[in-house]
Amino acid sequence: MRTEVPDPLAGRRILVGISGSIAAVKLPLVVSALAKRGAQVRCVLTPSAEQLVSPVALASLSRHRCYLDADQWSHGADRPLHIELAEWAELVLLAPLSATTLGRWVHGLADTMLASTLLATEAPVLAAAAMNTAMWGAPAVST
Ligand SMILES: Cc1cc2nc3c(=O)[nH]c(=O)nc-3n(C[C@H](O)[C@H](O)[C@H](O)COP(=O)(O)O)c2cc1C
């Protein structure tokens, strides 16, 4: 008799933060894989990421709407959206992480929906920085 082993990702609440790296074009595959394994996925995109990957495609694959900068100001609930999302997340996956969003994060700047959520969360963050090798090696980024 075979016993089914539950997928460790099943039911986990994963917030995927997508910033403006060309690697954003790969995120539909990542989101789809997480959703197929039963994870609850929410995507937050920066305005640059919106230029590179479709929020409509990500919403369809994650089976949930995406969160964009404009949503932060039109939420209209008791608590700010970035706080709700920050507390909802069990894990934050920053993929891809652009140099700009990395800079915001390490300097404590909260001027996008994603940056605000990042500063507000106490969940573990898994970051996949993605940029040209010269950008990655630039002292302002690598130190
Ligand atoms: C086609 C294209 C590809 C880009 N790829 C990268 C990249 O791989 N990594 C990166 O850090 N920035 C990349 N950039 C630059 C960022 O999009 C830009 O710095 C932007 O300000 C990032 O903002 P965000 O972090 O709010 O998304 C790219 C820009 C364009 C137009």
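Trainee: What pattern does the protein follow along the sequence?
Mentor: Read from the start, the order is β-α-β-α-α-α-α-β-α-α-β-α-α. That gives nine helices and four strands, where helices (H or I, at least four residues) and strands (E, at least two) are DSSP runs numbered from the N terminus. This is a predicted model: local features need pLDDT of at least 70, side-chain atom pairs count only at pLDDT 80 or more, and totals for chains, interfaces and linings use all residues. Residues are numbered from 1 along each chain as its sequence is written.

Trainee: How do you know whether the radius of gyration agrees with that of a compact globule?
Mentor: Set it against the rule, which is 2.2 Å times the number of residues to the power 0.38, with the radius taken over C-alpha atoms. For 143 residues a compact globule would come out near 15 Å, and the protein has 16 Å, so the two agree. Along its principal axes, the C-alpha trace spans about 60 × 40 × 30 Å.

Trainee: Why is Cys-66 called buried?
Mentor: The label buried needs 20 or more other C-beta atoms within 10 Å of the residue's own; exposed means 12 or fewer, partly exposed is in between, and the C-beta atoms are placed from the backbone. Cys-66 has 23 within 10 Å, so buried is the right word. Cys-66 sits in the loop between α3 and α4. Across the protein, 35% of the 143 residues get the buried label.

Trainee: And what makes Arg-63 count as exposed?
Mentor: Arg-63 has 10 C-beta neighbours inside 10 Å, so it falls in the exposed class. Arg-63 also lies in the loop between α3 and α4. Its phi is near 60°, a positive value in a residue other than glycine. Arg-79, in the loop between α4 and α5 (81-88), is exposed too, because 9 other C-beta atoms lie within 10 Å.

Trainee: Which residues is Cys-66 in contact with, leaving aside its neighbours within four places in sequence?
Mentor: Contact here means that two C-beta atoms, placed from the backbone, lie within 7 Å. By that test, and with those neighbours set aside, Cys-66 is in contact with Cys-43, Leu-45, Pro-55, Leu-58 and Ala-59. For the protein as a whole, residues 24 or more positions apart account for 76% of the contacts with a separation of 6 or more.

Trainee: What makes a set of residues a nonpolar core?
Mentor: The members are buried Ala, Val, Leu, Ile, Met, Phe, Trp, Tyr and Cys residues joined through C-beta atoms within 7 Å. The largest one here has 34 residues, and those with the most contacts inside it are Val-16, Ile-18, Leu-27, Val-31, Cys-43, Val-44 and Ala-95. β1 (13-18), α1 (27-36), β2 (40-45), α3 (55-62), β3 (91-97) and α7 (113-120) each supply at least two residues of this core. The largest share, five residues, is from β3. Take Val-16: not counting residues up to four places away, it touches Val-31, Val-41, Cys-43, Leu-93 and Ala-95.

Trainee: How do you know where on α1 the buried residues lie?
Mentor: Start with the list: Leu-27, Val-30 and Val-31 are buried in α1. Looking down the axis, they fall within an arc of 95°, so they line one face of the helix; that arc is the one of the directions from the helix axis to the C-beta atoms. Leu-29 and Lys-36, on the other side, are exposed. The cover over the buried residues includes β1, β2, α3 and β3.

Trainee: What makes α7 mostly covered?
Mentor: Six of its eight residues are buried. They are Met-113, Leu-114, Ala-115, Ser-116, Thr-117 and Leu-118, and they pack against β1, β2, α4, α5, β3 and α6.

Trainee: Why is the peptide bond from Ala-95 to Pro-96 worth a look?
Mentor: The bond is cis, with omega near -10°, and Pro-96 is placed in strand β3.

Trainee: Which residues come nearest to the ligand?
Mentor: Near means a C-beta atom, placed from the backbone, within 6 Å of the molecule. Of the 16 residues around the ligand, Gly-20, Ser-21, Thr-46, Ser-48 and Met-131 come nearest. The elements giving two or more residues to this shell are α2 (47-52) and α6 (99-107), and α6 gives the most, with three.
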